[in-house]
Amino acid sequence: MASGKEIRGKIKSVENTKKITKAMEMVAASKMRKAQDRMRMGRPYSDKLRNITAHLSRANPEYKHPFMVAPATPTKKVGLIVISTDKGLCGGLNTNMFRVLTNKLTDWDKQGIEARAVTIGAKGFGFLGRIKVKVEAQVSQLGDVPQVDKLVGPCKVIIKDFIDGKLDEVYLCYTRFINTMKQEPIVEQFLPLAESRFTQTDEEKRSHAWDYIYEPDAPTVIDFLMRRYAEALVYQAVAENMASEQSARMVAMKAATDNAGNLINELKLVYNKTRQAAITTELTEIVAGASAV
């Protein structure tokens, strides 16, 4: 059995760890609220941009943007935009997303489909390196507030490959925020943009059922909007992933703090039993010595 001094040292160590996890829980809770607000503020912009893009693309049927043209041949090469965290200590957030992505890569490998990727976040870059998936570009250390100009660079690489015909499809991989206790890993088609993304309600169709005059011309306007829409999708995915990260970290640190408290109570109980056993032994020795005298 460990001595009382060793147990006291363990209790002190766990108490110090508990202070750290409690502080990290409070920091994550503060960042989580800001990240959720940022994510929710981005959703109306994405929805409005989607509506405008849907109106203009349907109003000019003679021009079809490359983002909306499905490949004529069977899919042979796909691109991935993998969004992960830069830091750990956020529970199974990255692991769950990597598991879904691994299943998808396994299915593609069976079909003879080659995959290449760009990564946003250090964890995704390390994971794809371990499983030998080619990474064409990567960005990390985004901080607590995502900046569009930092995201555009790697995304341009994969988008250019799609436009040039080097890729048949592009997928977006991230963790969607549901609520504080639940986050959902997503691997969804990014390019070509699915028609379902431009689905409009009857009211939206009635309120925008007119044709447009384009200045300088339809390709210029629609190309610009499509590029902005693609950037908005990536930014929103990063914002969703950041909100999920802070929520998962807060929950993980709370669980660690609670576990540390339980461990401290168990160690104190063991320490008291050890101390009581030592006292009992000393008393027994004193009584035995007195009897011998």
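This report describes the cores, strands, helices and some individual residues of a predicted model.

## Nonpolar cores

The largest nonpolar core has 36 residues, and the members that touch the most others are Ile81, Ile120 and Phe190. At least two residues of this core come from each of β1 (77-83), β2 (114-120), β3 (134-139), α4 (148-163), β4 (169-179), β5 (182-191) and α6 (218-292). Helix α6 gives the largest share, 12 residues. Apart from this core lies another, of 17 residues, which includes Val78, Phe98, Ala115 and Phe127. In soluble globular proteins, nonpolar side chains tend to be buried together.

Leaving out residues up to four places away in sequence, Ile81 touches Val118, Ile120, Cys155, Ile158, Val170, Tyr171, Leu172, Cys173, Phe190 and Val234. Two of these, Ile120 and Phe190, are also named with Ile81 as the core members that touch the most others.

## Strands β1 and β2

Strand β1 is mostly covered, with 6 of its 7 residues buried. β1 and β2 run parallel and are joined by 7 bridges. Within this pairing, Ile81 has Val118 of β2 as its bridge partner, and Val118 is also among the residues that Ile81 touches.

Ser84 lies in the loop between β1 and α2 (93-110). Is Ser84 buried or exposed? Its relative accessible area is 7%, so Ser84 counts as buried, the cut-off being under 20%. The side chain of Ser84 reaches the backbone nitrogen of Gly124 at 2.6 Å. Beyond four places in sequence, Ser84 touches Asn94, Met97, Phe98, Ile120, Gly121, Ala122, Lys123, Gly124 and Asn241. Of these contacts, Ile120 is a member of the largest core, whereas Phe98 belongs to the core of 17 residues.

## Hairpin of β4 and β5

Strands β4 and β5 pair in the antiparallel sense over 9 bridges, and the hairpin that joins them passes through 2 residues. One of the bridge pairs matches Tyr174 with Ile186 of β5.

Glu188 is placed in strand β5. Its C-alpha atom is separated by 5.4 Å from that of Leu172, although the two residues are 16 residues apart along the chain. The side chain of Glu188 also makes a polar contact of 3.4 Å with the side chain of Tyr174. In a regular strand the side chains alternate between the two faces of the sheet.

After β5, a cis peptide bond joins Leu191 and Pro192, with omega about -10 degrees. Pro192 is found in the loop between β5 and α5 (202-207).

## Helix α4

How far apart are the end C-alpha atoms of α4? They are 21 Å apart, which agrees with the 22 Å that its 16 residues should span at 1.5 Å a residue. The helix nevertheless has a kink of about 35 degrees, centred on Cys155. Cys155 is one of the residues touched by Ile81.

The buried residues of α4 are Leu151, Val152, Pro154, Cys155, Ile158, Ile159, Asp161 and Phe162. An α-helix has 3.6 residues a turn, so residues three or four places apart point the same way. The elements covering these buried residues include β1, β2, β3, β4, β5 and α6. Just after α4, Gly165 takes a positive phi of about 85 degrees.

## Thr257 in helix α6

Thr257 is placed in helix α6. With a relative accessible area of 7%, Thr257 is buried. Its contacts, leaving aside neighbours within four places in sequence, are with Lys18, Thr21, Lys22 and Glu25.

## Backbone exceptions in loops

Most residues other than glycine have a negative phi, and most peptide bonds are trans. Lys132 is not a glycine but has a positive phi of about 65 degrees. Lys132 sits in the loop between α3 (122-130) and β3. Its relative accessible area is 73%, so Lys132 is exposed.

Gln141, also not a glycine, has a positive phi of about 55 degrees. Gln141 lies in the loop between β3 and α4. At 55% relative accessibility, Gln141 counts as exposed, because the cut-off is over 50%.

Notes. Residues are numbered from 1 along each chain as its sequence is written. This is a predicted model: local features need pLDDT of at least 70, side-chain atom pairs count only at pLDDT 80 or more; totals for chains, interfaces and linings use all residues. Side-chain values use heavy atoms; hydrogens and water are left out. A nonpolar core is a set of buried Ala, Val, Leu, Ile, Met, Phe, Trp, Tyr and Cys residues joined through side-chain atoms within 4.5 Å. Buried means under 20% relative accessible area, exposed over 50%, partly exposed in between (1.4 Å probe, protein chains only). Helices (H or I, at least four residues) and strands (E, at least two) are DSSP runs, numbered from the N terminus. Contact means heavy atoms within 4.5 Å. Two strands pair if DSSP finds at least two bridges between them. A polar contact is a pair of N or O atoms within 3.5 Å; within protein, one must be able to donate a hydrogen and the other to accept it, and residues adjacent in sequence count only if both atoms are side-chain atoms. The expected span of a helix is 1.5 Å times one less than its number of residues. The bend at a residue is the angle between axes fitted to the seven residues ending there and the seven starting there.
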